[in-house]
Number of protein chains: 2
Amino acid sequence: MKYSISEVAKKLDLTAYTLRYYDKEGLMPFVERTPNGTRVFKESDIDALKIIECLKSTGMPIKEIKNFIDWCSDGDSTLQERYDMFLERKTSVEEQMEELKKTMELIEHKCSYYKTALDAGTEDIHKTNKIGNF
Amino acid sequence: MKYSISEVAKKLDLTAYTLRYYDKEGLMPFVERTPNGTRVFKESDIDALKIIECLKSTGMPIKEIKNFIDWCSDGDSTLQERYDMFLERKTSVEEQMEELKKTMELIEHKCSYYKTALDAGTEDIHKTNKIGNF
DNA sequence: ATAAGCCCTATAGTTAACTCTAGGTCAAGA
DNA sequence: TCTTGACCTAGAGTTAACTATAGGGCTTAT
């Protein structure tokens with residue numbers, strides 16, 4: 001099955017602009033073209049784009065994702081680099097999860113703070129203790 | 001206890017530039033000044049900045065954080081808005097956690113993919129099945 | 001009293017990741 | 001044939017969030 005750029009954009013919830021931008025940045029060297037230059041995406045290209053989106057969602061900048069794509073093109077000699085990169089991504093995601101957990105605790109604290117204030121009709125209910133007055 | 005802008009920057013792992021930028025964007029209307037204009041931070045200002053950092057870490061843009069700060073200045077009439085905002089943040093963080101979990105699964109899959117390839121010395125070990133060739 | 005070191009404002013510059021416009025090609029339908 | 005609509009490139013514009021510079025003011029140590 002083959003897809004046009006706008007079909008892929010819809011599938012991945014991106015715009016065609018974004019996909020062309022990724023291509024320009026060297027993230028999609030594998031996508032083939034018709035003789036007149038139109039991009040033709042195959043199933044495996046979409047899989048690769050899903051990995052790219054995955055890496056992006058870990059906060060990895062596009063230039064670093066390009067390194068990975070280049071390594072992929074370079075073949076088996078870069079297996080170690082790619083393995084190390086994913087291990088590093090794993091660590092990064094773990095840290096982000098920890099960070100989010102802490103954020104969640106503060107947010108939940110604020111939710112109950114405002115619930116109490118709302119029930120009382122005033123924030124003054126909290127003003128007796130010194131912390132958390134925001 | 002009072003603090004200078006650079007002391008606060010160090011405490012919160014930000015730069016003085018960033019703090020002045022926040023101030024310019026209206027995030028710190030509560031910070032007092034000496035007669036000649038120098039900012040003087042008190043403990044409660046630092047607490048407020050921690051909340052701002054917390055909101056920022058949920059992905060909230062500075063302009064929306066400013067809305068919240070404005071509501072805080074407006075007093076009890078905005079308690080509902082502030083409560084709703086934190087509930088919304090809570091939902092957002094929950095979604096981000098879900099997203100990160102999915103990301104983690106893919107990353108871990110890639111880790112074992114590359115571990116296997118590395119042990120075999122070649123990525124070809126995976127080439128028999130059609131998916132996941134990246 | 002003068003230089004160092006911190007503070008200030010206003011404003012310009014940077015970076016990442018898009019997002020859009022202009023100008024053009026090509027294929028299919030009325 | 002001619003128009004519509006999808007595709008293309010090159011390059012300009014946008015936005016958020018800083019980051020830095022220029023020019024100036026206090027305070028403190030030599």
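1. A definition to start with: two residues are in contact when heavy atoms of theirs lie within 4.5 Å. With that in hand, look at how the two protein chains meet. Of the interface residues of chain A, 100% are interface residues in chain B as well, so the copies meet through the same surface. Bear in mind that this is a predicted model.

2. Next, the symmetry. A turn of 180° with a shift of 0.0 Å along the axis lays chain A on chain B, at an RMSD of 0.1 Å. The two copies are thus related as by a two-fold rotation axis. If you want a landmark for that axis, go to Met97(A): among the residues of chain A, its C-alpha comes closest, at 3.4 Å.

3. Now the DNA. Which residues come nearest to DNA strand D? Out of the 17 residues around the strand, they are Ser6(A), Arg20(A), Arg33(A) and Arg39(A), plus Tyr22(B) from the other chain.

4. The three arginines on that list deserve a look at their side chains. Each has a polar side-chain atom by a phosphate oxygen of DNA strand D: Arg39(A) at 2.7 Å, Arg20(A) at 2.8 Å and Arg33(A) at 3.0 Å. As for the strand itself, sugar or phosphate accounts for 72% of its atoms within 4 Å of the protein, and bases make up the rest.

5. Where does the surface near DNA strand D come from? Four helices each supply at least two of its residues: H1 (5-12) and H2 (16-24) of chain A, together with H2 (16-24) and H4 (62-74) of chain B. The largest share, four residues, is from H2(B). By residue type, this surface has six charged, six nonpolar and five polar residues.

6. Helix H1(A) is worth a closer look, as it also has a buried side. Its buried residues are Ile5(A), Val8(A), Ala9(A) and Leu12(A). Viewed down the axis of H1(A), they fall within an arc of 105°, so they line one face of the helix. The general rule behind such spacing is that an α-helix has 3.6 residues a turn, so residues three or four places apart point the same way.

7. What do the buried residues of H1(A) pack against? Their partners, all in chain A, are two strands, S1 (2-3) and S3 (39-42), and two helices, H2 and H3 (43-57). One last backbone detail: Asp13(A), which follows H1(A), has a positive phi, near 55°.

Key. Residues numbered from 1 in each chain as written. Chains lettered and ligands numbered in written order. Predicted model: local features only at pLDDT ≥ 70, side-chain atom pairs only at ≥ 80, totals over all residues. Heavy atoms only, no water. Near = heavy atom within 4 Å. Polar contact = N/O pair within 3.5 Å; in protein donor to acceptor, adjacent residues only side chain to side chain. Nonpolar A, V, L, I, M, F, W, Y, C, P; charged D, E, K, R; others polar. Least-squares fit on C-alpha atoms with pLDDT ≥ 70 in both. Buried < 20%, exposed > 50% of the residue type's maximum accessible area, 1.4 Å probe, protein only. Arc of directions from axis to C-beta.
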